[in-house]
Each structure stands twice: as structure tokens, then as C-alpha cells.
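Thanks for making the time. I have two topics today, a cavity and some salt bridges, and I will take them in that order.

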Amino acid sequence: MNKKQKIEGWFLKRNYLHFDHPLSFKKASLIVKDPLVVSRHAFFPFLTFDISTIKYKKNPETGKKVKIEPKNRSICYSSHLDGYIYSYYAKKLSTIYEEKLIELGINNSVLAFRKMDGKSNIEFAKQSFDDIKTMGECSAIALDFTKFFDNLDHIVLKNQLCNLLNTKKLDPDYYNIYRSLTKYSLVNKNEVYKLFNISKNNYKTRPYKICSIKDFRTELRKKSSLIKQNPTIIEKKGIPQGSSLSALLSNIYMLNFDKNMNDYVESFDGKYYRYCDDILIIIDTDKAKEAEDYAMKIIKDLKVDINSEKTLKSKFTLESGVLSADKDLQYLGFMFNGRSVYLRSASISRYHQKLKKSISLSKKTMNKYNKIRKRKGKEELPLFKRKLYEKYSHLGKSNFIKYGLRAKDIMNSPEIKKQIKKLSNKLEKEISS
């Protein structure tokens, strides 16, 4: 990345396969900085694929964890030029949005998708737990939206965007971008690879775009049914969770709610935080029900719903100077009981299952090749452990263990230290078994 790219901060090198070629910084700049070109640009469909998350639930009768229906999450990503446009306009809008947050006095309440001195969800969770310790006897209410990005109302989004830009009507370039993210279309990556005979495992051996513009129009758009419209377009809601602009637009969407909710909670000397679709209200217990009712009332203006099944309420009380909760508070991947902070058991369990699966696969691969070596009279090789340690131990550069160790230090939590130590022991146990 050259100095100019670093200063402007919107250009990232893109090497993945899509319907167009990656562009240089110079070529991309000529396009994204020309409002007329952007206003006439035809956006490609997003490529999408699903990630399945295995979940477990404790059986209340046996106390054992049982596997439940896996949760599928769709990941989508834009073409190269589309991505450059989204990134550039996200950079422009972000500057205006940050100024607005300061003006409204809610700069410290909106946490997600912002550069806040390099802070992460660990620091944000610690701040909220420290607030509870400072307040002493209080209540914490954690609210969660139902399918947040899928339910963002297009009219509300457009109005909020106009308000932020201080205009009654979006300029043509902004409108075209807004339209591309509300009337977006999707193509399943695996299906389009199959259509154009691209190997899922060796796609990098084909270092150019998926197909020509001609083939895109004749083979994909006209002859196949692979292109799917935004599934909630009829209801005029939903934006894709995958573009570099979507996250910022979701924050802009919530501006009025954030301002009103923050002012209300602060009037009772409480704290209000929102991390994407996770809302946390820390307030005097006597005002907790009133604050929750107020949130449910004003959220109706945004035409999104609170997931009542995920609403969590924790009441913190002091007894002999010791703070405790009637129910552990779960927030941003951590649990807090008034005294201790620890990682969610679901996160620990999910990581352990991934660990077991990877080790099992590695052992099967080792046995397969050792059978071949044995037939050839060669010496058998031991289990290849380097990648396992990189993925599942403190020796890796970036993994759950490293995250846990960082959280342990920031939270000053001996409980997290114990959890991480148990995971490390499980790794050694699984490898040696």
C-alpha cells in the first residue's frame, strides 16, 4: 500500500474471484471520485455462501450437552469495483457521521463499526461491567433485534441518510448506491462456479474474473435462475450484510433511536450502549421496567423488532459490600456475575468442537498416508502438529486462545485464565489420544 492509499484509507487490494477484475488504486480512484460515473454505474450481484455454526444445548434432565439444529449464516461480498465504490463512500459518510455523534453527545454510546482508539468488544464489555460496579445496586437490560440487517426499512433508511447529509433528496450518486443496497441481488458462489466450470478448490489457478460480460448477460442473467433478488424487497426492507457500507448505514439508521434512548437513560444517571444489534441499558432498578418500555415504544418508529427470546435482565445487589447478580449478564461474548468475568460457555464449547474436528481430520489424513508409506516400505510419519498449534494454542498469531489471553489481561480475570488453561489441556489430550 502506497502513502496516498494509506492516507485516504478506503482502498484495499482485492484478490478474490468475482465478476470483474481487481483495479489499481489509480484506476479505482478515477471512477469512485466521479459522482457522474458512480450515478450511472451498474452494480453486479453479490456472491454469497453459507456458514453453518454447530450449537449445543444442555439437557435439563441429564445435564449433558446435546447438538441442536445448526445455525446458518449467509456471507455475501461485492465485486471489485462495487467494493471500491462502497468503501470510498463509507469513508466520506463516516466523517459526517462521526461529527454528528459528537454533536448529539452520543459518541461513547455507539460502539460497533467505528475506530474508537483501537478498542474492541473486550474493552467495551469491560467498560459496561465497570459501570455496573460503579453504580452498585442497579439493573442491566440486554436487548437484541430480530434479523437486524434483513429488517431495516428502506424508507426509514433513506430519510435518515438524507437527514445526515442535510438534504431533502439524495444526489444521483448517493441514490444509485442506496438503490444498489436495497434492491440488491445475490448469486450463490458454489452454483455460479459450477455453471462456469470453476473448481471450488483450485479457483486461484484461474486468475481472472468468473466470466466475460457477454457470458454474464447471456448465460447467467438470461438462461439461469441463479440470480436471486433481495428476499424482503416486496416488503421494502433489508440490506446485505457484507458490503463495507452496510455496517455504517445500519448505524445511521439508528441515529434518532440512539439519541433518544441515550438522553432518556442519562436522565436517570444510567448508561446506554449499542453494539450493532445488541443494546445494553444500565439503570437504577426502580427505573428498569420504565426504561425497557420506553425502548420498546420508540423502536416502533424504526419498524424493526426486538427478539423477546433473547432479552436478558440482570439485577445487581450489594450485600455486605459484595456485588452479585440474580442472573449472569451476557454481553459481547462475556458473562458477568457482579464479581467475576468469564467467556461464554457456548463459545468455549464451539471452539472445543472445532478443535476435536480438526484433530480428527488430521489423524485420518496421517493414517491414510502412513498406510501408503507402509506399503512402500517407508517409515511412518507422526501427526503433523504445527498447523494444529497455530490454530488452537497460544503459539498461533490470531485465534480464540490468543483472544482469550488478551481478554484475561484486559479484564484482569483469573476465571478466563482457567477457561483458557482447560482448553489448552484439551488440545494436548485430543492430540495424544
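Before the cavity, a word on how helices are named here: a helix is a DSSP run of H or I covering at least four residues, and the numbering starts from the N terminus. Please also keep in mind that this is a predicted model.

Now the cavity. How many cavities of 30 Å³ or more does the structure hold? One. The space in the largest cavity comes to about 50 Å³.

Which residues line the largest cavity? Going along the chain, they are Tyr-89, Leu-93, Leu-161, Tyr-174, Ile-177, Tyr-178, Leu-245 and Leu-249. Two helices, helix 4 (80-104) and helix 7 (172-182), each supply at least two residues of that lining. Helix 7 gives the most, with three residues. By class, the lining has eight nonpolar residues, no polar ones and no charged ones. Tyrosine is counted as nonpolar in this scheme, in case anyone was about to object.

On to the salt bridges. The count for the model is 12. I will go through three of them.

Let me stay with helix 4 for the first pair. Lys-100 forms a salt bridge with Glu-103, and their closest N and O atoms are 3.4 Å apart. Both residues sit in helix 4, three residues apart, which is about one turn of the helix. Are the partners buried or exposed? Lys-100 counts as partly exposed because its relative accessibility is 25%, between the 20% and 50% cut-offs. Glu-103 is exposed, at 59% relative accessible area, since exposed means over 50%.

The second pair is in helix 11, residues 255-266. There Lys-259 bridges to Asp-263, with 3.1 Å between the closest N and O atoms. The spacing is four residues, again about one turn of the helix. Lys-259 is partly exposed, with a relative accessible area of 23%, and Asp-263 is partly exposed too, with 35%.

The third pair is Lys-408 and Asp-409, whose side chains meet in a salt bridge at 2.9 Å, N to O. Lys-408 has 21% relative accessibility and therefore counts as partly exposed. Asp-409, with a relative accessible area of 53%, is exposed.

To recap: the largest cavity has a lining of eight nonpolar residues, with helix 7 giving the most to it, and the salt bridge count is 12. That is what I have for today.

Methods: Residues are numbered from 1 along each chain as its sequence is written. This is a predicted model: local features need pLDDT of at least 70, side-chain atom pairs count only at pLDDT 80 or more; totals for chains, interfaces and linings use all residues. Side-chain values use heavy atoms; hydrogens and water are left out. On a 1 Å grid over the protein atoms alone, a cavity is a set of points where a 1.4 Å probe fits but cannot get out, and a pocket is an open set with protein on both sides within 12 Å along at least five of seven lines; lining residues have an atom within 4 Å of a point. Grid points are joined across faces, edges and corners, and a volume is the space filled by probe spheres set on the points. A salt bridge is a side-chain nitrogen of Lys or Arg within 4 Å of a carboxyl oxygen of Asp or Glu. Buried means under 20% relative accessible area, exposed over 50%, partly exposed in between (1.4 Å probe, protein chains only).
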